[in-house]
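This briefing introduces one protein chain to a new reader. It covers the chain as a whole, its nonpolar core and a patch on its surface.

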Amino acid sequence: MALGLAAQLAWLGLEWGARKRLATAIREGAEPEPGRAPLRDEELLLGELRRRERELELAASRRREELDRYSDYLVYLAHELKTPLTSLRLGLSALAEEHADREPALARAPGGTRDAAALAALLSELGSLEAKADEALFYAKSHSFAEDFIVKPTRPDELVRRSLARMAGPFVAKGMTPAFGPGFRAAEAGAATVLSDPVWLGFIIEQVLLNAAKYGPAGSVVQIELRSAGDELELSVADRGPGVEPGDLPRLFDRGFIGQARDRTGERERSTGLGLYLVGAMAERLGHRVQARPNPGGGLVILVAMRRY
């Protein structure tokens, strides 16, 4: 009886030792000990693991191909949308300028003021549509970011001016005015440059400005400033909108974030969007810092810090 029990314990010890060696081999990516015929269950387990590994690799490869095709389609679609939208915006801008030149006479004509408001509203909507097309384009390209950016000396003040010209519709529709601080004008005069990709940084700046236009109240001023901070140049855009709850500020640039904003009447408004997520993601990849903080007196300040050239 005692001999039988000892034999059983020795057999269990052999099984345990074999399984331990198998676990070590799997963990280290090695084969079982050479010169020893593996136990049957080891062979079966290793075979199953190899089969599952091949299946996972094949599934991952197919998924990557699907994502690549989807990204390519998004890029194509965004480009196809941007061309007619840009043409429409330029055409309406020309009409708006012609309307402004004839404003005194048109204002006295029936419906003249209404026509001007309609043009401003159309320009605003076209600006929003262009921004959404840009979001789709840059989101698709973000998956191959390393292949699509070139870091070089870049002037952020020029990108701000260009963005405001391109996205004037939302500002005009709400009667909002951009105001440049003394630091911005000094940086502009001194041709201050940073190390960045002008295309991606331009997208970041446009999204920050559009966020200010979206949440700022009609007739308000958006403060735009550039300040030197050590070896960095900080661009800040401050609006007078409802702001963001303090607890939501750290998550403002998270993907899929839906936060709560409080307007001056105390009512709560939902705020969400893909734009600020892309701002945070692109800024990090470019080596920039992005931060949001409350604007004293109400509203939100978004700051983008870039390394000086």
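**Overview**

The protein chain exposes about 18100 Å² (Shrake-Rupley method, 1.4 Å probe), and carbon and sulfur atoms supply 58% of that area. This is a predicted model, in which local features need pLDDT of at least 70, side-chain atom pairs count only at pLDDT 80 or more, and totals for chains, interfaces and linings use all residues. Residues are numbered from 1 along each chain as its sequence is written, and side-chain values use heavy atoms, leaving out hydrogens and water.

**Chain**
- Nine helices and nine strands occur in the protein chain, as DSSP runs (H or I, at least four residues; E, at least two) numbered from the N terminus.
- Of the 309 residues, 39% are buried (under 20% relative accessible area, with a 1.4 Å probe and protein chains only).
- Among contacts (heavy atoms within 4.5 Å) between residues at least 6 apart in sequence, 71% join residues at least 24 apart.

**Nonpolar core**
- The largest nonpolar core (buried Ala, Val, Leu, Ile, Met, Phe, Trp, Tyr and Cys residues joined through side-chain atoms within 4.5 Å) has 44 residues, of which Val160, Ile224 and Leu252 touch the most other members.
- Elements giving two or more residues to this core include helix H5 (156-166), strand E4 (221-229) and helix H8 (198-215).
- H8 provides the largest share of this core, nine residues.
- Beyond its neighbours within four places in sequence, Leu252 is in contact with Val244, Phe257, Leu276, Ala292 and Leu300.

**Surface**
- Tyr309 lies in the segment after E9.
- Tyr309 counts as exposed (over 50%) because its relative accessibility is 63%.
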